[in-house]
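This report introduces selected features of one protein structure to a reader who has not met it before. Please view the sequence and the structure first.

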Amino acid sequence: MSNVEAVTDASFDADVLQSDKPVIVDFWAEWCGPCRMLSPILDQIADEHESVKVVKVNVDENQGIAAKYGITSIPAVFVFKDGEKVATSIGAKPKQVIEKEFADYLG
């Protein structure tokens with residue numbers, strides 16, 4: 001069972017920017033093959049690291065938040081801490097690489 005939730009333009013501020021722990025945000029789309037490859041990896045990270053929250057933003061359905069953060073390539077994975085973007089990973093990558101890139105936030 002995954003701990004990953006969907007976030008929308010309407011819920012982004014409350015779910016991400018106001019979170020009391022770091023949030024990994026996966027900007028993705030249904031038609032994106034690399035996004036589908038990355039999804040189970042982020043599900044595993046969510047299940048294994050309780051110190052972070054993992055959420056997904058469908059860029060086709062939530063164009064406002066995608067535009068606000070300049071999403072031009074997906075999958076784009078950002079880490080937000082205390083309301084600020086603090087890390088970025090673009091493209092599908094192995095779990096070990098993502099965990100290394102985001103090690104400061106995984107606890």
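In this predicted model, helix α2 bends by about 25° at Ser 39, and the proline Pro 40 follows within four residues. The helix covers residues 33–48, 16 residues in total, and its first and last C-alpha atoms lie 24 Å apart, close to the expected 22 Å.

Several residues of α2 are buried, namely Cys 35, Leu 38, Ile 41, Leu 42, Ile 45 and Ala 46. In an α-helix there are 3.6 residues a turn, so residues three or four places apart point the same way. The buried residues of α2 pack against three strands and two helices, as the table sets out.

| Element | Residues packed against by α2 |
|---|---|
| Strand β2 | 23–28 |
| Strand β3 | 53–58 |
| Strand β4 | 76–81 |
| Helix α4 | 95–101 |
| Helix α5 | 103–106 |

Cys 35 also takes part in a disulfide, which joins it to Cys 32 with an S to S distance of 2.4 Å. A search of the whole structure finds one such link. The angle about the S-S bond is 80°, and the link of Cys 32 and Cys 35 is right-handed. Both of these cysteines are buried.

A further residue to consider is Lys 85, which is placed in strand β5 (residues 84–90). Is Lys 85 buried, exposed or partly exposed? Its relative accessible area is 41%, so Lys 85 counts as partly exposed. Leaving aside residues up to four places away in sequence, Lys 85 touches Phe 78, Val 79 and Phe 80. Val 7 is 78 residues from Lys 85 along the chain, and the C-alpha atoms of the two are separated by 16 Å.

How values were computed:
Residues are numbered from 1 along each chain as its sequence is written. This is a predicted model: local features need pLDDT of at least 70, side-chain atom pairs count only at pLDDT 80 or more; totals for chains, interfaces and linings use all residues. Side-chain values use heavy atoms; hydrogens and water are left out. The expected span of a helix is 1.5 Å times one less than its number of residues. The bend at a residue is the angle between axes fitted to the seven residues ending there and the seven starting there. Buried means under 20% relative accessible area, exposed over 50%, partly exposed in between (1.4 Å probe, protein chains only). Contact means heavy atoms within 4.5 Å. A disulfide is a pair of cysteine sulfur atoms within 2.5 Å.
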